[in-house]
Amino acid sequence: MSYTIYMIEDEQKIAESVGSFLRQYGYQVDLVKDFTKVEEEFVQLQPHLVILDVNLPYVDGFYLCRRFRRISSVPILFLSARGTEIEQVLGMESGGDDYMTKPFHLEVLLAKVKALLRRAYGKYAQEELSPERVVQTGELKLYIDKMELVYKDEIQPLTKNEWKLLHLLMQRAGDVVTREECLEVLWDDSHFVDDNTLTVNVTRVRKKLGHWGLSSMIETKRGVGYILNPVEGEKKSI
């Protein structure tokens, strides 16, 4: 299968360099043509993946990401010179799947692109979305096949990364899960993942739990990892 990548980058040299590099590996890379019509180009192109800069003419990448998320679940990789932790949090909160900072190595970019495409469209993508029923701890239920979190009959939808992280933590409820184990669940090759990216995803999960006043369920074990502490009852699978 030939994947189409839509690259939204206003630095022409970077855009052309990335496009030329990825085309060597069989990807179709379309560079943005008109920054006033990015949403229209996105809808027309229907790409399999978006590489998105943050600093853009007219509107920023965070805004565009939120707009894309209204109509598509396509993987979005932020590529930006703005590399602070808060910028990465904003990227993930906007709906991004990963975040790279400039300057960067093309080989690392390629690895991230491959991982995102594999997760979204690979041969085991469907298997990940429909495994073994429900995982529950107390009144908190994770419906694995629907990617939904339920507490006292109220439902919240989850992103794929939120689902994977909660699945791991709820299966191991009461036990410490190392950061390395979390990274391995979220990404195929944790060597290419910024440590802050995991922190961002944990923050997003805590925010979902915080809707029910349960954000403290996930406890940080400094220097080690995380533990999900059941608030009531024992964990069980249905």
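# Two open sheets and a helix in a predicted model

Trainee: Let's start with the sheet of five strands; in what order do they lie, and is the pairing parallel or antiparallel?

Mentor: In this predicted model, the five strands make an open sheet with parallel pairing. Neighbouring strands are turned against each other by 20 degrees on average, direction ignored. The order of the strands is β2-β1-β3-β4-β5.

Trainee: Which strands are the edge strands there?

Mentor: An edge strand of this sheet pairs on one side only. With the order β2-β1-β3-β4-β5 in mind, the two edge strands are β2 (residues 28-31) and β5.

Trainee: Staying with β2, which residue is the bridge partner of Met7?

Mentor: Strands β1 and β2 pair in the parallel sense, over four bridges. The bridge partner of Met7 in β2 is Leu31.

Trainee: At about what angle does α4 run to β5?

Mentor: Helix α4 lies across both β4 and β5. Relative to β5, α4 runs at about 145 degrees.

Trainee: Good, now helix α3: within what arc do its buried residues fall?

Mentor: The buried residues of α3 (residues 61-69) are Gly61, Phe62, Leu64, Cys65 and Phe68. Seen down the axis of α3, they line one face of the helix, because they fall within an arc of 160 degrees.

Trainee: Which elements do those buried residues of α3 pack against?

Mentor: Both strands and helices are on the list. The buried residues of α3 pack against β1, α2, β3, β4, α4 and β5.

Trainee: And at the start of α3, which residue's backbone nitrogen does a side-chain oxygen of Asp60 reach?

Mentor: The side-chain oxygen of Asp60 comes to within 3.1 Å of that backbone nitrogen. The nitrogen belongs to Phe62.

Trainee: Cys65 came up among the buried residues of α3; how many disulfides does the structure hold?

Mentor: Cys65 counts as buried because its relative accessibility is 0%. Cys182 also counts as buried, at 0% relative accessibility. As for disulfides, the structure holds zero.

Trainee: Let's move to the sheet of three strands; which strands stand at its edges?

Mentor: This open sheet has the order β10-β12-β11, with antiparallel pairing. Each edge strand has a single partner strand, so one side of each is left without a neighbour in the sheet. The strands at the edges are β10 (residues 176-178) and β11.

Trainee: What is the average twist from one strand to the next in that sheet?

Mentor: The pairing in the order β10-β12-β11 is antiparallel. From one strand to the next, the twist averages 30 degrees.

Trainee: Which residue in β12 stands opposite Val176?

Mentor: Three bridges join β10 to β12, and four bridges pair β11 with β12. Glu219 stands opposite Ile227 in β12. Val176 likewise stands opposite Ile227.

Trainee: Which strands of this sheet does helix α7 touch?

Mentor: Helix α7 (residues 160-171) packs on the sheet, and its direction makes about 65 degrees with that of β12. Helix α8 (residues 179-186) packs on the sheet too, touching β10 and β12. The strands touched by α7 are β10, β11 and β12.

Trainee: In the hairpin of β11 and β12, which residue takes a positive phi?

Mentor: Three residues lie between the two strands of this hairpin. The phi in question is near 80 degrees, and the residue is Gly223.

Trainee: Finally, is Leu228 buried or exposed?

Mentor: Leu228 has its place in strand β12. Among the residues that Leu228 touches are Thr137, Leu166, Leu169 and Met217. Because a residue under 20% relative accessible area is classed as buried and Leu228 is at 0%, Leu228 counts as buried.

Methods
Residues numbered from 1 in each chain as written. Predicted model: local features only at pLDDT ≥ 70, side-chain atom pairs only at ≥ 80, totals over all residues. Heavy atoms only, no water. Pairing = 2+ DSSP bridges. Disulfide = S-S within 2.5 Å. Buried < 20%, exposed > 50% of the residue type's maximum accessible area, 1.4 Å probe, protein only. Arc of directions from axis to C-beta. Contact = heavy atoms within 4.5 Å. Polar contact = N/O pair within 3.5 Å; in protein donor to acceptor, adjacent residues only side chain to side chain. Axes fitted to C-alpha atoms, helices over the stretch in contact; angles between N-to-C directions. Lists of a residue's contacts leave out its neighbours within four places in sequence.
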